Amino acid sequence: MLEKLPQPVIFAHRGASAFAPENTLAAFRLAAEQGVEAIELDAKLTADGEVVVIHDMTVDRTTNGRGEVRHLRLDEIRRLDAGSFFSAEFRGEKVPLLREVFEEFGRRLFINVELTNYNAPLDPLPIKVAQLVREYRLEDWVLFSSFNPWNLIRIHRLLPECPVALLALEGRAGWLARSNFMRWVSPRIIHPFLADVTPESITQEHRRKRRVHVWTVNRAEDLEALFRWGADGVFTDDPALAMQIRSRV
Ligand code: G3P
């Protein structure tokens, strides 16, 4: 499916998060209304083993609650307001379950699920996510990414038909992550940080037969440059802007 989407693929980063609270159904709905083909979201587990969509390790920044997601039960998280931190207009938005996103957007939008259990990398998150993908028959509609190669190794074993992408850190740490990862899984896709990307690095990855999806790209001049350099995808908080630029580059 990834190759059949408009190219370069535009991923609404945590939804249309420039205009709606990140990682909420409101942000994903706005991205869908704007006509983008793909979204990116962050998955992690609650204390009682439910898969929720939230970026940070804690709920502190994006909700009116406090505490680590992995130490809160689903019912505690669902009581929180995940919209007001962004603006009063979105008061009452909830932290979504991954199941809700799959239910509403599955087979309509391509979905990049970032496995973000970085402080509990051996938890059952990949297993739970894989079960949901199978339940909703989204094997052709999801792409997994993570900064932690182990997550990708685990999800690749569970869902070998789904593409995986390494989120590449900058500099030395990025090189180490890439080299360790390469021993176990040969990813078809790499997700580098914007500041690390050059026309030459894109060409080099293409020679290795890898797609390059760049994060997080919000400035018009960066979007335009990446499209001209041949990037295969971008993550952006402003998918409408990215689509506008893609249509004229
Ligand atoms: O995968 C896209 C990259 O931007 C990282 O996403 O949500 O962790 O900022 P996020």
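**Close-up 1. Helix α4 makes a right-handed crossing as it passes α5.** This is a predicted model, and here we zoom in on two of its helices. Helix α4 covers residues 125-135 and helix α5 covers residues 149-158. Their axes come within 9 Å and cross at roughly 35°.

**Close-up 2. Here are the residues where α4 and α5 touch.** On the α4 side, look for P126, I127, V129 and A130. Their partners on α5 are N151, R154, I155 and L158. Sorted by class, the contact has 6 nonpolar residues, along with 1 polar and 1 charged.

**Close-up 3. A195 sits in a loop between β7 and α7.** Strand β7 runs over 189-192, and helix α7 picks up at 199-207. A195 counts as exposed because it has 10 C-beta neighbours inside 10 Å, and the cut-off for exposed is 12 or fewer. For a sense of distance, try finding E161 too: 34 residues separate it from A195 in sequence, and the two C-alpha atoms are 31 Å apart in space.

**Zooming back out. The protein chain has 9 helices and 9 strands.** Its C-alpha trace spans about 50 × 40 × 35 Å along the principal axes. The radius of gyration is 17 Å, which agrees with the value near 18 Å for a compact globule of 249 residues. Of those 249 residues, 46% count as buried. Take the contacts between residues at least 6 apart in sequence: 56% of them join residues at least 24 apart.

Key: Residues numbered from 1 in each chain as written. Predicted model: local features only at pLDDT ≥ 70, side-chain atom pairs only at ≥ 80, totals over all residues. Helix = DSSP H or I, 4+ residues; strand = E, 2+ residues; numbered from the N terminus. Buried ≥ 20, exposed ≤ 12 C-beta atoms within 10 Å, placed from the backbone. Rg over C-alpha atoms; globule rule 2.2 N^0.38 Å. Contact = placed C-beta atoms within 7 Å. Axes fitted to C-alpha atoms, helices over the stretch in contact; angles between N-to-C directions. Left-handed = near helix turned anticlockwise from the far one by under 90°. Nonpolar A, V, L, I, M, F, W, Y, C, P; charged D, E, K, R; others polar.
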